[in-house]
Amino acid sequence: MKRTVEAQIGDQTIAFETGKMARQADGSVVVSCGETVVLVTVVAEKEEKNLGFLPLTIEYQEKMYAAGRIPGSYFRREIGRPSERETLICRLIDRPLRPLFPDGYASETQVIATVFSADPQVEPDVLAMNGASMALSLSDIPFAGPIAAARVGYINGSYVLNPTKALQEKATINLVVAGTRNAVVMVEGKAQEASEDEVLQAIFFAHAGMQPLIDIQLQWQKEIGRPKRVVTAPQVDVQLKQRVEQAAATGLDAVLNTAEKTVRSERYAALRQEVQNLLADEADDVAPQVNELLDDYRKKRMRAQIVEQGLRLDGRSFTEVRPISCEVGVLPRAHGSALFTRGETQALVVSTLGSERDEQHVEGLAGDVFRRFMLHYNFPPFCVGEVRPLRGPSRRDIGHGTLARRGIEAVLPAGDSFPYTLRVVSEVLESNGSSSMATVCGASLALMDAGVPIKTPVSGVAMGLIKEGETVVVLTDIIGDEDHLGDMDFKVVGTGSGITGLQMDIKIDGVDRDIMGRALEQARDARLHILDKMEEALAAPREAVSQHAPRFMTLRINPDKIRDIIGPGGKVIREMTTEYDSKIDVEDDGTVKIFSNNTEAANALMRRIEEMTAVPEVGRIYEGEVRTIKDFGAFVQIMPGTDGMVHISELKNERVKKVTDVVQEGDIIKVKVIDIDSRGRIRLSRKAALAEGEE
């Protein structure tokens, strides 16, 4: 049976429809706003599989027909691999949903969001997030929702809920927030050096504004939702649990008081094997149960040690940042490079400068986009001592790279003043938490090392949370185990003046305003401390770009002369590109941009273009070649492609009987431009040039 309901969120009306499309799915909802339409379906296998993890898959796909476009790929259809944007929105949907599935649920579950129609002013990502929660709420799949999502912008001093695409371009804060009835569960977005208070107000403005979407989902769940499947919570063998804890108690003390990650991991692996050996006779195939119980015991003990004793695994205080080491210029041929090390996390970050032709071309629903700044994050297996095949960037790699890119974008110079294309690559060499934030710090240093005049340095830090009952501990600069065993991963990026990017994920029901405010304040203190350490390595951008970076020069020519540079079929510009080993970009307004790795070649190319495109000036003396002789005078080429005529009477002061008595074809002579008529014909005088030379 078809049902429709609407909610007013800010200035927009969001509509939900069910019972008409995709009725064989366990749950399906069509979400629309303006002319954007998204179908979200959920399906779960009836048989459960004991995989040891939640088998949840989130897929988001944008169909080009939604925007009235034909894909530009060779096959003229959407390719199988999701685009970077689709991958990022998959993560956006996944992160608030995943913690809300019950322990013990093990059916393979798939959420698919498909954009059927795209309004240029209405983003589909937030619609897909709300649709996923609604579809799960209506299905029989166990889900402790609902959640709702909204975008918030800070525009001209006011907070705006779900701003249009045009308004987002004016926003100094642009966040996507997801939450339950009582708490925030996810935040992601960027800002233009916003204060902690402005960001906090934006988050909870969005949380308050999304409540009608929670109301609608609860109402529909009650009226037309299917009964939820019964999930049997994992049964704990109490006796075996006690035996595991008794056997591991002493050894776990040593594990939890080992600061170095590798040694701690080795000790825990040895303890695991020891406990398995001790309990091998307890039951058949006891190892999996022992491993799970031991992991739970480690988590409980680590959290208790932090909350009750105030001791972190590596001995730091709750607000202390790990030791930091920064180096710049570590690679001799790179345009800019930095090695940033914080504790046992290390990133080698390299920056490369290119021309406008190196911009990234991205095809999407909104049309073709050219990206001037790219930041790529790589997390090879060796950085955590693992062996696995290299298969290109993962969803995590893309997400971490995008977070870092958003944080850096706020301080980049404008293209008009610094017209280079910029690519930054982060190679994570070691990882024990916060590698994305190490990437931010390294990227800032690498750009400055390359001579990119960024507005101010940027740093980042990851905050954690341990919540036991009413006791709340906020941790600064979390390590890997604190992320894995804790309740929150809150990454904050910014300058000395404010926040430029943030991302928060949690594993509990949500966080309130007080907890988030504490986390932001602690993050600010840590960010400033890290910036001080970075300043010791490099305080400001270098005065000039690297000697290995391409040289950029620009000149303005008469637009009518563009064809002279291009040549027939692009022949001339190709020849010059090869001859001078340079890149040449010519714009319609006559702006010519030259990029070259060789300064001398760039200067020579500029002189060549100036000669080719120069316009003769009346009264100026030129040196030219006699190309043709006639009875009445000689034609002289005063610049490439430009000839003028010297009348026989203008060859000498005295009377000349024959032109050849004075000049021959091929002679190089000096002539003065004495007139250019309305048809562009140039009159030259040799005798005027001679007279001026004598003077």
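Helices and strands here are DSSP runs, numbered from the N terminus. With that in hand, and bearing in mind that this is a predicted model, let's start at a proline: Pro146 is found in the loop between H2 and strand S7 (148-155). The peptide bond leading into Pro146 from Gly145 is cis, with omega near 5°.

Now step back from that loop to H2 and the sheet beside it. Six strands make up an open sheet, in the order S1-S2-S3-S4-S6-S5, and the pairing is mixed. Strand S1 (3-9) and strand S5 (56-62) sit at the edges with a single partner strand each, so one side of each has no neighbour in the sheet. Ignoring direction, neighbouring strands in this sheet are turned by 15° against each other on average. For a look at one pairing, take strand S2 (residues 12-18) and strand S3 (residues 27-33), which run antiparallel and share three bridges. Across that pairing, Glu17 stands opposite Val30 in S3. Helix H2 (residues 125-138) packs on this sheet and touches S2, S3, strand S4 (36-48), S5 and strand S6 (107-117), while its direction makes about 150° with that of S3.

Two backbone oddities are worth a stop on the way. Arg76, in the loop between S5 and helix H1 (84-97), has phi near 60°, a positive value in a residue other than glycine. Glu193 is another non-glycine residue with positive phi, near 55°, but this one lies in a strand, S10 (residues 184-194).

On to the helix pairs. Two packed helices are described by the angle between their axes and the distance between the axes. For helix H4 (residues 196-209) and helix H12 (residues 513-537), the axes come within 10 Å and cross at roughly 150°. Angles over 145 degrees count as roughly antiparallel, so that is what H4 is to H12. Their crossing is right-handed. On the H4 side, the contact includes Val199, Leu200, Ile203 and Phe204, and they and their H4 companions meet a set of H12 residues including Met516, Leu520, Arg524 and Arg527. Sorted by class, the residues of this contact come out as six nonpolar, two polar and five charged.

How do the axes of H6 and H8 cross? Helix H6 (residues 238-256) and helix H8 (residues 287-309) have axes that come within 9 Å and cross at roughly 50°, which makes H6 oblique to H8. This crossing is right-handed too. Among the H6 residues in the contact are Leu240, Val244, Ala248 and Leu252, and the H8 residues facing H6 include Val290, Leu293, Leu294 and Tyr297. By class, the H6 contact with H8 holds eleven nonpolar, two polar and six charged residues.

Further along the chain, ring pairs come into view. The whole structure has ten aromatic pairs. One of them is Tyr420 with Phe595, edge-to-face at 5.6 Å centre to centre, with 75° between the planes. The two are 175 residues apart, so to speak of sequence: Tyr420 is in the loop between helix H9 (395-409) and strand S17 (421-430), and Phe595 is in strand S24 (residues 591-596), which means the pair links distant parts of the chain.

Last comes a barrel. Five strands close it, running S25-S26-S27-S29-S28 with mixed pairing, and the twist averages 50° from one strand to the next. Within the barrel, strand S27 (residues 642-647) and strand S29 (residues 682-685) pair in the parallel sense over two bridges. One residue to look up there is Val646, whose bridge partner in S29 is Leu684.

Terms used: Residues are numbered from 1 along each chain as its sequence is written. This is a predicted model: local features need pLDDT of at least 70, side-chain atom pairs count only at pLDDT 80 or more; totals for chains, interfaces and linings use all residues. Side-chain values use heavy atoms; hydrogens and water are left out. Axes are lines fitted to C-alpha atoms, for helices over the stretch in contact, and angles run from 0 to 180 degrees between N-to-C directions. Helices (H or I, at least four residues) and strands (E, at least two) are DSSP runs, numbered from the N terminus. Angles under 35 degrees count as roughly parallel, over 145 as roughly antiparallel, 65 to 115 as roughly perpendicular and the rest as oblique. A crossing is left-handed if the near helix is turned anticlockwise from the far one by less than a right angle, and right-handed if clockwise. Contact means heavy atoms within 4.5 Å. Ala, Val, Leu, Ile, Met, Phe, Trp, Tyr, Cys and Pro count as nonpolar, Asp, Glu, Lys and Arg as charged, and the others, Gly among them, as polar. Two strands pair if DSSP finds at least two bridges between them. Rings of Phe, Tyr and Trp (its six-membered ring) pair if their centres lie within 6.5 Å; planes under 30 degrees apart count as stacked, over 60 as edge-to-face and the rest as tilted.
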